[in-house]
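Here is an informal walk through one chain and the molecules bound to it. Take a look at the fold, then read on.

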Amino acid sequence: MSAEIYYFSGAGNSFAAARDIAAKLKGDLIAIPSLMNQESIETDADVVGLVFPVYYAEYRGVPLIVWRFIEKLENLSSKYIFAVAVHSGGPDVTIQHLADHISNHGGKLSGGFTFKMDVPYPVSAKLKKAFFGKDLGDPSSYPGMAAEQKKVYQDWKLKLAEITSYVSSRGEGTLETLSPAAKALRAIFLPLRRLMFMGRYKQLAGESRKHFYELVPLADRSFRITENCNSCGICAKVCPVANIEITDGGPGWLHHCENCYACFKWCPENAISGKIVEYAIRNHHPGVGVKDFINQRQGG
Ligand SMILES: Cc1cc2nc3c(=O)[nH]c(=O)nc-3n(C[C@H](O)[C@H](O)[C@H](O)COP(=O)(O)O)c2cc1C
Ligand code: SF4
Ligand code: SF4
């Protein structure tokens with residue numbers, strides 16, 4: 001069995017997961033952004049793995065770049081395809097959207113897994129911020145978040161064993177998505193959730209567009225830099241899609257953003273802020289370094 005594990009990552013969780021899976025399956029680890037300048041992408045591998053973070057489960061859940069990558073992949077029908085979507089507690093029906101997208105391009109998602117690898121601020125704290133402007137504060141001020149995060153990394157080892165054993169035996173039928181009851185509940189609240197998201201993204205982009213995914217690349221207009229910036233250029237290097245250029249005044253965003261937050265998370269001076277990251281935590285996977293991110297665009 002020859003396996004290729006394709007990944008996209010902003011804060012290292014998907015990268016770490018993909019690296020572990022590739023090691024266990026003795027497969028190749030390939031960064032999706034490093035291939036995106038190709039018109040179409042061919043692979044000789046029998047097994048194709050996709051590892052990515054869930055973005056906007058209110059919509060597709062699959063990051064734009066991963067969505068487009070699937071459209072470029074050739075000969076999907078001859079591959080055994082599996083996917084792992086890492087998330088922070090709400091993957092919703094991401095795997096179902098992915099399965100449908102792969103199927104529309106002639107392939108079949110034989111195994112679709114989700115794994116919570118990130119512990120966000122509690123929902124109650126986010127609501128207090130959204131409705132009463134209460135500052136979220138330091139993550140360390142929330143007892144339990146650090147402990148939960150530690151447990152998540154431990155639990156990953158079990159999930160890794162489950163996924164790799166499933167793929168090694170060419171399992172079929174596992175698509176981790178919502179139960180029918182949860183789907184029905186989701187459908188009730190979805191219009192409201194989408195309305196709120198559209199409103200927020202119109203604000204971030206500073207303009208109105210018909211489709212949510214037209215606003216995503218423009219949301220970088222809401223990034224700000226502080227006086228701590230020393231123009232080191234690391235944000236530009238870690239950006240997986242070359243969406244940042246450094247000028248005399250520091251970083252400038254070029255409006256084809258994937259919203260991965262790598263620039264915000266990897267800035268050594270914590271000099272990046274803005275409305276787009278007002279609910280985000282400046283963390284990254286402990287087993288991943290800046291070099292891994294620079295490699296993401298260049299390959300490797
Ligand atoms: C723009 C954006 C949107 C996100 N949307 C969701 C979401 O809808 N549901 C969820 O569970 N997590 C969501 N997340 C959290 C990520 O899936 C999670 O932090 C993941 O571990 C990041 O993986 P990475 O370290 O590989 O970038 C979102 C993160 C970002 C940056
Ligand atoms: S990484 Fe931070 S300090 Fe370096 S150029 Fe970017 S914003 Fe400035
Ligand atoms: S500009 Fe920042 S958030 Fe946007 S894709 Fe690049 S690193 Fe990610």
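Helices and strands here are DSSP runs, numbered from the N terminus: a helix (H or I) has at least four residues and a strand (E) at least two. With that in hand, keep in mind that this is a predicted model.

**The whole chain**

Counting that way, the chain has 10 helices and 10 strands. Its radius of gyration is 19 Å, close to the 19 Å that the globule rule gives for 300 residues, so the chain is as compact as a globular protein of that length. Along the principal axes, the C-alpha atoms fill a box of roughly 50 × 45 × 40 Å. Of the 300 residues, 38% count as buried. Among contacts with a separation of 6 or more, 72% come from residues 24 or more positions apart.

**Two domains**

The domain assignment splits the chain into domain 1 (3–181) and domain 2 (190–298). Their C-alpha centres sit 20 Å apart. To make the contact, domain 1 puts in 23 residues and domain 2 puts in 27 residues. On the side of domain 1 that touches domain 2, the elements giving two or more residues are α1 (13–25) and α2 (64–72). Of these, α1 gives the most, with three residues. Sorted by class, that side of domain 1 has 16 nonpolar, five polar and two charged residues.

**The cores**

Which residues have the most contacts inside the largest nonpolar core? They are Ile5, Tyr7, Ala18, Ile21, Val51 and Val84, in a core of 47 residues. Tyr7 is a good one to click on: leaving aside neighbours within four places in sequence, Tyr7 is in contact with Ser14, Phe15, Ala18, Leu29, Ala31, Ile32, Val51 and Phe52. There is also a second, separate core of 27 residues, which includes Tyr201, Ala205, Cys239 and Cys257.

**Around the ligands**

Now for the surroundings of ligand 2 and ligand 3. Cysteines turn up in both lists of nearest residues, among them Cys229 for ligand 2 and Cys260 for ligand 3.

| Ligand | Residues around it | Nearest residues | Classes |
|---|---|---|---|
| Ligand 2 | 15 residues | Cys229, Cys232, Ile234, Cys235, Cys267 | 10 nonpolar, four polar, one charged residue |
| Ligand 3 | 15 residues | Cys239, Cys257, Cys260, Ala262, Cys263 | 10 nonpolar, three polar, two charged residues |

For ligand 2, α8 (234–238) and β9 each supply at least two residues of the shell. Over at ligand 3, Cys239 and Cys257 are among the nearest residues, and both of these cysteines also belong to the second core.

**Two odd backbone angles**

Most residues other than glycine have a negative phi. Histidine 255 goes the other way, with a positive phi of about 70°. Where is histidine 255 found? Look in the loop between β9 (250–253) and α9 (262–266). Is histidine 255 buried or exposed? Histidine 255 has 12 C-beta neighbours inside 10 Å, so it counts as exposed; the cut-off for that is 12 or fewer.

Asparagine 270 is another non-glycine residue with a positive phi, this time about 50°. Asparagine 270 lies in the loop between α9 and β10 (272–274). Asparagine 270 is exposed because 12 other C-beta atoms lie within 10 Å.

How values were computed. Residues are numbered from 1 along each chain as its sequence is written. Chains are lettered from A and ligands numbered from 1 in the order in which they are written. This is a predicted model: local features need pLDDT of at least 70, side-chain atom pairs count only at pLDDT 80 or more; totals for chains, interfaces and linings use all residues. A nonpolar core is a set of buried Ala, Val, Leu, Ile, Met, Phe, Trp, Tyr and Cys residues joined through C-beta atoms within 7 Å. A residue is buried if 20 or more other C-beta atoms lie within 10 Å of its own, exposed if 12 or fewer, and partly exposed in between; C-beta atoms are placed from the backbone. Two residues are in contact if their C-beta atoms, placed from the backbone, lie within 7 Å. A residue is near a molecule or strand if its C-beta atom, placed from the backbone, lies within 6 Å of it. Ala, Val, Leu, Ile, Met, Phe, Trp, Tyr, Cys and Pro count as nonpolar, Asp, Glu, Lys and Arg as charged, and the others, Gly among them, as polar. Domain bounds come from an automatic or database domain assignment. The radius of gyration is taken over C-alpha atoms; the globule rule is 2.2 Å times the number of residues to the power 0.38.
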